[in-house]
Amino acid sequence: MKRYLGFTSATVVATLLLATGCGSSSNSTSTNGTSEGGSGGNGQKVTLEFLQNKPEVVNEWNTLIKKFEQQNPNIQVKQINPPNTDTTLQADLAKGQVPDVVAMGADATFIQMAKNGVFKDLSGAPELQKVSQAYVKMLEEEVGKTTPYAIPYTVNAVPIIYNVELFDKYHLSVPKTWNQLMSEAEKIKQEGGTPFYNGFKDAWTIAPIWNALSTNTEGSNFLKNLASGKTTFSKSDVTAANQLRQFVALGQPNQFGVDYNDANAAFANGKSVFYAQGIWTIPVLRSDNPKIQLGTFVVPATNNPSQIKMVSGVDSLLAVANSGNATKENAAMKFIDFLLQQKNAGQYATIAGLFSTVSGVKNTDPALTPLQPYITSGRVVDFDDHYYPAAMAAGNQYESVLQGALSKNQSTPQLLQQLDSLYQSAAAHQ
């Protein structure tokens with residue numbers, strides 16, 4: 001499933017400016033102290049609109065909602081799962097009808113909505129203490145405020161996925177450094193196998209491995225220094241670009257002619273040992289080949305194992321509309337409290353194939369077990385491209401630059417100079 005959305009921050013801002021009473025809801029509080037939709041005082045019904053962006057987990061949400069409603073008979077939750085969450089939210093904003101609870105990714109739409117007061121400020125909410133503080137901080141940094149506008153619920157990760165049968169066939173061991181990974185890949189190639197299978201016809205598929213390499217090698221202050229003009233891609237991402245070119249050299253010959261879906265099917269059916277993709281791919285791989293045995297390890301992006309962090313972003317957050325309707329907001333928080341219970345959080349994360357941020361909840365999928373310690377300890381780093389200017393990140397712009405440079409086997413300086421040009425142009429139009 002693709003993580004990246006094609007809506008720019010500018011589009012969202014324009015919609016927000018059109019919305020009157022930003023953050024208001026059609027179910028607003030009436031003059032007699034009750035709200036339309038049946039909410040009100042003690043014992044009266046409250047109906048919550050719950051918008052979530054994942055079609056593959058509609059049934060799981062229905063199961064959780066039914067359980068919640070049985071425990072809370074005065075609260076009804078209506079699930080909304082539109083084809084495109086961003087478009088729906090923009091239309092809702094224009095009409096002043098924001099859903100009461102939203103589960104979505106930490107993307108440009110969420111960030112701009114949060115900045116513009118659409119979501120409730122959760123500062124001091126006890127629910128925040130139930131989840132990983134690393135991801136609470138990650139959401140705050142993305143919004144650019146030390147204010148929590150959402151609770152991180154599930155998170156993804158970018159590892160190297162491997163075929164256990166082929167891994168054992170070549171007598172490999174889990175590499176702890178970049179040099180070890182490259183050495184094993186060369187061994188596979190020399191013995192007639194394919195180390196990595198890539199679907200680079202879809203430019204966005206380059207983003208996972210690029211983020212894993214760049215975030216671990218460019219320095220922790222790269223994004224801040226890039227924004228202030230103290231550095232450039234050409235100065236700070238030489239190592240990442242060199243590694244990316246190494247990685248591509250060990251992919252299958254037609255990697256720029258194969259799309260994401262065909263790459264999934266090929267890897268699932270034994271065409272390569274390794275696959276550099278997000279964990280969102282694992283359910284798809286198992287669907288393509290139910291018998292496949294999968295393993296994972298964190299991308300060993302440096303030769304110093306103690307410094308390696310796993311790229312992991314908030315896949316689903318929980319935000320409450322800043323409606324001004326206390327009855328609705330309280331009911332929404334009660335629903336979130338229910339979702340944060342360990343049993344419910346674990347059940348959802350397992351079905352979704354993700355990690356839970358809730359303290360004490362671990363993913364029991366054997367393929368993901370090696371990654372869990374990084375989640376638990378907060379040894380994670382956000383995707384670099386979450387902080388690129390909107391015009392650079394939207395519409396696969398920077399991924400297309402990487403795709404073009406790599407497919408033409410351009411040099412590292414050529415590749416990075418193109419990223420610099422794209423960045424400068426996008427930053428000028430923010």
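The legends below describe an overall view and several close-up views of a predicted model.

**Figure 1. Overall view of the predicted protein model.** The protein contains 19 helices and eleven strands. Its radius of gyration is 22 Å, close to the 22 Å that the globule rule gives for 430 residues, so the protein is as compact as a globular protein of that length. Taken along the principal axes, the C-alpha atoms fill a box of roughly 75 × 50 × 35 Å. Of the 430 residues, 56% count as buried. The surface that the protein exposes comes to about 17,600 Å², and carbon and sulfur atoms supply 48% of this area. Among contacts with a separation of 6 or more, 76% are made by residues 24 or more positions apart.

**Figure 2. The open sheet of six strands.** The strand order is 2-1-3-9-4-10, and the pairing is mixed. Strand 2 and strand 10 (355–356) are the edge strands, each pairing on one side only. Strands of a sheet pair through backbone hydrogen bonds, either parallel or antiparallel. Strand 1 (residues 46–52) pairs with strand 2 (residues 75–80) in the parallel sense over six bridges. Within this pair, Glu49 stands opposite Lys78 of strand 2. Strand 1 also pairs with strand 3 (residues 101–104), again in the parallel sense, over three bridges. Here the bridge partner of Phe50 is Val101 in strand 3. Five of the seven residues of strand 1 are buried, so this strand is largely enclosed by the rest of the structure.

**Figure 3. Helix 5 against strand 4 and strand 9.** Helix 5 (residues 133–143) lies across strand 4 (151–155) and strand 9. The helix runs at about 110° to strand 4. Both strands belong to the six-stranded sheet, in which the order is 2-1-3-9-4-10.

**Figure 4. Surroundings of Ser312 and Val380.** Ser312 is placed in the loop between strand 8 (310–311) and strand 9 (314–320). Its relative accessible area is 0%, so Ser312 is buried. Apart from neighbours within four places in sequence, Ser312 is in contact with Tyr135, Met138, Val155, Asn156, Ala157, Ile375, Val380, Val381, Asp382 and Phe383. Val380 is in strand 11 (residues 380–381). With a relative accessibility of 9%, Val380 also counts as buried. With neighbours within four places in sequence again left aside, the contacts of Val380 are Ala134, Tyr135, Met138, Lys309, Met310, Ser312, Tyr374 and Ile375. Gly353, 27 residues from Val380 in sequence, is 18 Å from Val380 in space, C-alpha to C-alpha.

**Figure 5. The open sheet of three strands.** The strands follow the order 6-5-7, with antiparallel pairing. Strand 6 (274–276) and strand 7 (294–298) are the edge strands, and each pairs on one side only. Neighbouring strands of this sheet are turned by 30° against each other on average, direction ignored. Strand 5 (residues 159–163) pairs with strand 7 in the antiparallel sense over five bridges. Pro159 stands opposite Val298 in strand 7.

**Figure 6. Helix 12 and its cover.** Helix 12 spans residues 260–268, and its buried residues are Tyr260, Ala263, Asn264, Ala266, Phe267 and Ala268. The elements that cover these buried residues include strand 5, strand 6, strand 7 and helix 13 (282–288). The three strands named here form the sheet with the order 6-5-7. At the start of helix 12, a side-chain oxygen of Asp259 comes to within 3.3 Å of the backbone nitrogen of Asn261. Gly270 follows the helix and has a positive phi, near 85°.

**Figure 7. Surroundings of Leu402 in helix 18.** Leu402 lies in helix 18 (residues 397–407). This residue counts as buried, at 0% relative accessibility. Not counting residues up to four places away in sequence, Leu402 touches Ile206, Trp210, Leu244, Leu415 and Leu419. Leu419 is 17 residues from Leu402 along the chain, and the C-alpha atoms of the two residues are separated by 8.0 Å.

How values were computed: Residues numbered from 1 in each chain as written. Predicted model: local features only at pLDDT ≥ 70, side-chain atom pairs only at ≥ 80, totals over all residues. Heavy atoms only, no water. Pairing = 2+ DSSP bridges. Helix = DSSP H or I, 4+ residues; strand = E, 2+ residues; numbered from the N terminus. Axes fitted to C-alpha atoms, helices over the stretch in contact; angles between N-to-C directions. Rg over C-alpha atoms; globule rule 2.2 N^0.38 Å. Buried < 20%, exposed > 50% of the residue type's maximum accessible area, 1.4 Å probe, protein only. Contact = heavy atoms within 4.5 Å. Areas by Shrake-Rupley, 256 points an atom, 1.4 Å probe, with all protein chains shown as cover. Polar contact = N/O pair within 3.5 Å; in protein donor to acceptor, adjacent residues only side chain to side chain.
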